[in-house]
Amino acid sequence: GLACAGVWWLVFSLPAFVLLPRVKPVAVATKASLLSQSVGRLVKTFKNIRQYKMLFLFLIAFLIYNNGIDTVINLSPAFGEDVLNMKPGELITMFLIVQFVAFGGAITFGYIADRFGNKVVIVSNLLVWCAAVLGVAFVQTGMQFTVLGVLIGLVLGGVQSSSRALMARLAPKEIHNEAFGFFSLSGKAISIFGPLLFAAVATGLGPRYGVFAVLPFLVVGLVLILMVKEPRRAG
């Protein structure tokens with residue numbers, strides 16, 4: 001499994017290694033340590049981002065709904081194994097199917113985003129996520145779980161790619177690198193809250209209903225993203 005994942009990342013990283021231009025780093029003369037520079041840069045980035053209302057609102061929305069999405073992805077194997085008694089081979093097969101479906105879904109929603117906008121894709125995808133999460137609470141067999149996995153796979157790539165594309169449109173060019181750095185770092189920093197809430201609900205009501213803990217993240221993120229105004233396309 002790890003070997004397949006490594007090959008997957010290698011193959012799809014090659015276009016970036018080959019096609020993207022090389023940019024030489026800018027040397028900055030300073031006596032401050034790397035740690036203090038990093039912390040200071042992060043604080044400055046946060047202050048800069050707050051100057052842009054729509055960008056800041058989008059980041060908050062993304063952090064919330066992406067937390068829910070990551071929770072579903074990370075805890076799905078445990079749910080399939082513990083609740084539905086799926087075997088490791090069945091889970092591996094399901095996730096391979098989901099990955100290939102996600103690839104096609106990302107391409108399809110890429111075309112939709114080009115025509116109707118990234119926000120439309122994100123909103124529609126989050127609605128499907130909400131429906132799929134509700135459906136998980138009622139599945140009884142591994143096959144039903146796999147069908148829901150395929151449904152999630154259809155919107156898995158779309159919401160991720162459209163989120164990054166919308167981020168790129170909202171962030172001014174002069175802070176692109178800072179904004180995307182904050183985008184990546186902050187997402188990992190708060191990713192623990194989804195699993196914690198899931199564990200709390202699963203402990204109190206049972207693992208089958210722990211999935212409902214994901215809904216607040218998806219719903220709140222959806223409400224916030226509806227408030228974001230996507231910039232109009234030139235031409």
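**View 1. E230 and its salt-bridge partner R169.** E230 has a relative accessible area of 22% and is therefore partly exposed (20% to 50%; buried is under 20% and exposed over 50%, with a 1.4 Å probe on protein chains only). R169, at 25% relative accessibility, also counts as partly exposed. Their side chains meet in a salt bridge, N to O 3.3 Å (a side-chain nitrogen of Lys or Arg within 4 Å of a carboxyl oxygen of Asp or Glu). The structure holds 1 salt bridge. This pair links distant parts of the chain, 61 residues apart: R169 lies in helix α6 (residues 142-170) and E230 in the segment after α9. Helices are DSSP runs of H or I with at least four residues, numbered from the N terminus.

The model is predicted: local features need pLDDT of at least 70, side-chain atom pairs count only at pLDDT 80 or more, and totals for chains, interfaces and linings use all residues. Residues are numbered from 1 along each chain as its sequence is written, and side-chain values use heavy atoms, with hydrogens and water left out.

**View 2. Contact of α4 with α5.** F109, I112, A113 and F116 of α4 meet N118, V120, V121, S124 and N125 of α5 (heavy atoms within 4.5 Å).

**View 3. V43 in helix α2.** V43 sits in α2 (residues 34-49) and, at 42% relative accessibility, counts as partly exposed. The C-alpha atoms of V43 and F182 are 9.8 Å apart, with their positions 139 residues apart along the chain.

**View 4. Confidence along the chain.** Mean pLDDT (the predictor's confidence in each residue, from 0 to 100) is 80 for the protein chain, and 85% of residues reach 70 or more. Confidence is lowest in α2, at a mean of 67, and highest in α9 (residues 215-226), at 92.

Methods: Helices (H or I, at least four residues) and strands (E, at least two) are DSSP runs, numbered from the N terminus.
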